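Colleague: Please take a close look at one part of this model for me, and then set that part among its surroundings.

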Amino acid sequence: MQSITTFFQTLIDGVLIGGVYAVISIGLSLVFGVMHIVNFAHAEFLMLGMFIAWFAWAYAGIDPMLGAFIALIITFFIGMGMQRVLIKPIIGAPQVAQIFLTVGLLFAMENGALLLFGADFRSVSTSYQTQALTLFSGESGRILVPLDKLYAFLMALLSGASLWFFLNRTSWGRAMRATSQDPMAAKLMGINTDKMYMIAFGLGVGTTAFGGAVILPYITASPTVGSQFVVLMFTAVVLGGLGSVAGAVVGGIMVGLIQSFSALILPIQLQNLTLFVIFILVLALKPEGLTARRRS
Amino acid sequence: MTRFFYPSLAVVAVTVMSLLPLTLDPQGYEIRILCIAMLFAALGQAWNIVGGLANQISLGHAAYFGIGAYTSTILLRLFSLSPWLGGILGMVLAVLFALLLSVPTVRLKGHYFALATLGAGEAMRVIANSWASVTGGPVGISVPYSRESSLWMMQFPTVLPNYYLFLIALVIICLVFWKIQTGALGFRLRAIKENEQAAEVIGVDTYRAKLIASTVSAAITAFMGTLYAQFQFFFDPDTVFGVATISVKMALIAILGGVGTLLGPLLGAAFIIPMEEFANSYFGASVAGLSQFAYGVILVVIILINPRGLVALIGQIKNRIFSKGGSQ
């Protein structure tokens with residue numbers, strides 16, 4: 001009986017955190033899907049989103065769940081500008097140039113934040129942080145749903161659904177998918193592909209920043225917080241298939257579950273090791289992703 | 001004349017480098033910077049064998065470096081084993097790790113290879129941090145200091161012998177790179193770089209070529225790790241297995257100088273290391289992250305100006321001067 005409650009508790013924890021991983025990873029997948037560029041600096045936008053939400057909370061008293069929208073808007077425009085100046089010149093360039101431009105960006109952003117904000121850890125305090133819903137309570141133990149994680153999960157769900165709606169039900173979304181499939185043909189159909197690239201990059205980093213902001217109630221912000229999420233993010237995206245937005249959702253939830261279940265059997269320091277091993281194995285065995293559909 | 005130009009240039013350069021420390025304080029700061037510059041030039045050159053010639057962009061070479069540093073240091077602490085033997089054992093372990101890693105990664109290209117190697121390097125860092133009973137964990141490990149000076153134990157009262165060890169290592173590694181570059185393996189690797197399928201069609205055993213290149217690169221990197229440990233006397237997992245401190249820095253130096261060229265890593269290290277040291281000493285530890293911030297910016301700028309690095313830039317300038325404004 002004890003093990004059953006533990007199982008369900010682990011399952012719930014895994015899904016809740018996995019939902020947030022999904023949203024963080026969607027942005028990365030979107031950027032790759034549309035521009036065919038692996039953005040190594042992507043996790044830094046998560047850090048940026050956390051800091052924007054923290055400043056909004058500290059100076060204007062805005063709850064991180066609402067601050068997330070501010071983070072989304074600000075990073076959307078930063079992303080559009082960055083795409084224009086830095087990413088556009090390397091679309092179609094040799095991969096070594098693409099890899100190292102974004103790796104350079106990673107160091108510039110991480111250490112730029114260190115120079116600007118200092119190495120302090122910053123956290124918020126909210127009324128719901130310490131509260132939890134009790135789903136089940138009995139002799140064998142309790143199953144709890146922490147409210148901060150639940151809210152973050154719901155916000156993640158909201159942003160994922162909005163992005164899905166944008167991509168699949170609006171004309172801009174259709175134009176973006178067309179650009180991703182065949183930029184030349186899209187251009188011939190009158191789509192401004194340069195604009196689509198800018199919006200895709202802006203949305204990609206914005207979504208990730210949004211995901212960063214909603215986890216602020218239970219993860220402290222610091223300039224190096226991005227590095228905790230890099231491998232996680234890439235594992236989620238690779239599990240789901242690079243470039244597939246729906247795959248990133250599946251991948252994110254799988255990563256959440258892998259993490260919470262491996263914590264049951266392994267010491268906490270080795271939690272990420274499981275992820276690394278799965279990551280390398282998936283890359284090797286099925287680099288197109290576990291959810292990949294056969295394309296003609 | 002050109003036939004003797006480059007070899008004689010190399011002889012002059014090595015002579016200058018061997019005489020230079022005699023004019024410096026053997027305990028001084030300048031000689032340490034030169035040591036680190038040579039260390040990273042050698043590491044950049046090792047990375048260049050795989051990353052430059054075959055275009056297999058590794059972001060996990062710190063795994064080999066750390067294996068080299070930890071193997072010799074742990075054996076020295078436990079059994080007082082000479083770092084020379086420990087270093088050779090480290091090379092063997094690094095080669096084994098490279099072979100193990102090649103099973104899942106040898107068929108990967110571009111982004112996927114970069115991601116997988118990044119993951120492998122990070123996995124080693126996690127292991128070194130959590131396996132505290134052997135590695136000392138996150139607090140780091142120190143090389144036991146013995147009073148007497150001994151080449152066999154690689155311990156010296158001044159930095160001068162370390163300087164010559166780094167110089168000899170750098171010269172050997174440059175010769176290895178040159179030998180590979182101009183030999184059959186170099187042509188095979190370049191064929192893989194241009195078009196792997198085409199290379200396979202004309203009969204290049206691409207699997208074998210990549211495997212040889214990555215094991216040679218891993219072994220060299222591991223031995224440099226041992227030299228580094230005996231030079232620094234103290235290190236921790238985040239330094240020797242670090243993405244920024246080792247993996248990316250190695251690649252950055254090769255790319256900045258000119259990827260796939262013999263001269264590239266030398267130029268890259270001669271530029272990056274003094275600049276980094278200058279920034280660190282000028283701004284001090286109070287401005288943490290400045291040198292890495294500068295790295296990032298330089299990397300971005302260099303790629304936007306000319307992804308082929310300083311060598312290509314020098315070539316462009318040379319062309320412009322010698323052709324008197326004519327076409328390139």
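**A helix and its surroundings**

Modeller: At 1.5 Å a residue, helix 5 of chain B, whose 21 residues run from 110 to 130, should span 30 Å, and because its end C-alpha atoms lie 31 Å apart, the length agrees with that expectation. (Helices, H or I of at least four residues, and strands, E of at least two, are DSSP runs numbered from the N terminus; the expected span is 1.5 Å times one less than the number of residues.) This is a predicted model, in which local features need pLDDT of at least 70 and side-chain atom pairs count only at pLDDT 80 or more, while totals for chains, interfaces and linings use all residues. Residues are numbered from 1 along each chain as its sequence is written, and chains are lettered from A and ligands numbered from 1 in the order in which they are written.

Helix 5 of chain B is also mostly covered, since 17 of its 21 residues are buried (20 or more other C-beta atoms within 10 Å of the residue's own; exposed means 12 or fewer, partly exposed lies in between, and C-beta atoms are placed from the backbone).

Elsewhere in chain B, helix 3 (residues 62–79) packs against helix 10 (residues 206–232) at an angle of about 50°, with the axes 7 Å apart (axes are lines fitted to C-alpha atoms, for helices over the stretch in contact, and angles run from 0 to 180 degrees between N-to-C directions). That angle makes helix 3 of chain B oblique to helix 10 of chain B (under 35 degrees is roughly parallel, over 145 roughly antiparallel, 65 to 115 roughly perpendicular, and the rest oblique). From helix 3 of chain B the contact draws on residues including B:Tyr64, B:Gly68 and B:Ser72, and from helix 10 of chain B on residues including B:Ala218, B:Gly225 and B:Tyr228 (contact means C-beta atoms, placed from the backbone, within 7 Å). The residues of this contact divide into 10 nonpolar, 7 polar and no charged (Ala, Val, Leu, Ile, Met, Phe, Trp, Tyr, Cys and Pro are nonpolar, Asp, Glu, Lys and Arg charged, and the others, Gly among them, polar).

After helix 10 of chain B, in the loop that leads to strand 2 (234–235), comes B:Phe233, whose phi is near 70°, a positive value in a residue other than glycine. B:Phe233 counts as partly exposed because it has 13 C-beta neighbours inside 10 Å.

Helix 2 (residues 29–53) of chain B packs with helix 12 of chain B at about 80°, their axes being 8 Å apart, and that makes helix 2 of chain B roughly perpendicular to helix 12 of chain B. Among the residues that meet are B:Phe40, B:Trp47 and B:Asn48 in helix 2 of chain B and B:Lys249, B:Met250 and B:Ile253 in helix 12 of chain B, and the contact holds 7 nonpolar, 4 polar and 1 charged residue.

B:Thr261 sits in the loop between helix 12 (243–257) and helix 13 (264–283) of chain B, and it is buried because 22 other C-beta atoms lie within 10 Å. Its C-alpha atom is separated by 9.9 Å from that of B:Ala312, which is 51 residues away along the chain.

Finally, chain B meets its partner where 38 residues of chain A are in contact with 37 residues of chain B. On the chain A side, helix 4 of chain A gives the largest share, 16 residues, and the residues of that side divide into 32 nonpolar, 6 polar and no charged.

Definitions and conventions: Two residues are in contact if their C-beta atoms, placed from the backbone, lie within 7 Å.
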